[in-house]
Amino acid sequence: MEQYQGIKFNVRFLDERVLDYPIQKELIGWGEKLSKLGCIPTYPNPENPVIISSAGNLSARIGDRFIITAAGSNLGVLTKKDFIEIINIDIHSRQIDVNGTEEPSSETMLHYSIYQKRNDVQVIFHGHNQQLLAHCSQLGLKSTKKWYPYGTLELMESVCEVLGKDDTILIMKDHGFLSFGKTCQQAGENIIQDLSEIKNIEI
Ligand SMILES: [Zn+2]
């Protein structure tokens, strides 16, 4: 996997407060579940190796905004302060305005573009699981055609290019998966279902 080097855009903090939306509790629960399912690999934080970070990010739409997990957070043990509210995004100048106390996930622009393209999607989970990648075609999942570095516009565009209106899970080639739902439960169940199908394939 590509070495994590921090976020690749500028962040302007409009309101530095800890968010308190009811859905954060659900997202915290799913972060823990996905970690236990082996979908959220961890690594020592490059800026402070004592801190454990994890690869992946969770988001939920709230009105015309969305909240997303913080860059370098550990999805297995999230707390309220690990969520950032995205107020404005300017893709071309790579500027993001937020409410919260931490920097938002490196894949904030990717989540943004999916919410723009799919009005039905309310929740997005991004994680990493080698089994899902390896069984992508057997599971009938769509995949992006080429690998791009994390947090880039190229990666974002490659996802939007293949994302159909009914896709519930999408594979990012040689990288990880994206799961979409109207609820956290739906986004989580998509992953659990495919992981259990893999067990059946392997028997
Ligand atoms: Zn990733």
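Nine strands build an open sheet here, running in the order 1-7-6-5-4-8-11-10-9 with mixed pairing. Strand 1 (10-15) and strand 9 sit at the edges with a single partner strand each, so one side of each has no neighbour in the sheet. Keep in mind that this is a predicted model. A zinc ion is held by three histidines, H126, H128 and H175, and the count of cavities of 30 Å³ or more comes to 1.

**Strand 8 and its neighbours**

- Let's start with strand 8 (123-127), where 5 of 5 residues are buried, leaving the strand mostly covered.
- Its residues split between two directions: V123, F125 and G127 point one way, while I124 and H126 point the other way, and all of them are buried.
- Strand 4 (residues 57-62) pairs with strand 8 in the antiparallel sense, over 4 bridges.
- Across that pairing, A60 stands opposite V123.
- Strand 8 also runs antiparallel to strand 11, and 5 bridges join the two.
- In that pairing V123 is found opposite G181, and H126 has L178 as its bridge partner.

**Strand 11 and the hairpin with strand 10**

- Strand 11 (176-181) is largely enclosed by the rest of the structure, because 6 of its 6 residues are buried.
- Strand 10 (169-172) is joined to strand 11 by 4 bridges, and these two run antiparallel.
- L178 turns up again here: in strand 11, L178 is the bridge partner of L170, just as L178 is for H126.
- Strand 10 and strand 11 make a hairpin with 3 residues between the strands, and D174 in that hairpin takes a positive phi near 55°.

**The zinc site**

- What holds the zinc ion? The donors are the NE2 atoms of H126, H128 and H175, at 2.1 to 2.2 Å.
- Along the sequence, these donor residues follow the spacing H-x1-H-x46-H.
- H128 lies in the loop between strand 8 and helix 3 (130-134), and H175 lies in the loop between strand 10 and strand 11, so the pair ties together parts that are 47 residues apart in sequence.
- Are H128 and H175 buried or exposed? Both are buried.
- The remaining donor, H126, is buried as well and points from strand 8 in the direction that I124 takes.

**Helix 4**

- Helix 4 (153-162) has a set of buried residues: L155, M156, S158, V159, C160 and V162.
- Which elements cover those buried residues? The cover includes helix 2, strand 9 (142-143), strand 10 and strand 11.

**The cavity**

- The largest cavity holds about 40 Å³ of space.
- Which residues line it? The lining is made up of S106, E107, M109, L110, G151, T152, L153 and M156.
- Helix 2 (108-117) and helix 4 each supply at least two residues of that lining.
- By class, the lining has 4 nonpolar, 3 polar and 1 charged residues.
- M156 links two of these topics, being one of the buried residues of helix 4 and also part of the cavity lining.
- Helix 2 likewise shows up twice: helix 2 helps cover the buried residues of helix 4, and helix 2 contributes to the lining of the largest cavity.

Notes: Residues numbered from 1 in each chain as written. Predicted model: local features only at pLDDT ≥ 70, side-chain atom pairs only at ≥ 80, totals over all residues. Heavy atoms only, no water. 1 Å grid on protein atoms, 1.4 Å probe; cavity = no way out; pocket = protein on both sides within 12 Å on 5 of 7 lines; lining within 4 Å. Points joined across faces, edges and corners; volume = space filled by probe spheres on them. Nonpolar A, V, L, I, M, F, W, Y, C, P; charged D, E, K, R; others polar. Donors = N, O, S within 2.8 Å, 3.2 Å for Na, K, Ca; no water. Buried < 20%, exposed > 50% of the residue type's maximum accessible area, 1.4 Å probe, protein only. Contact = heavy atoms within 4.5 Å. Pairing = 2+ DSSP bridges.
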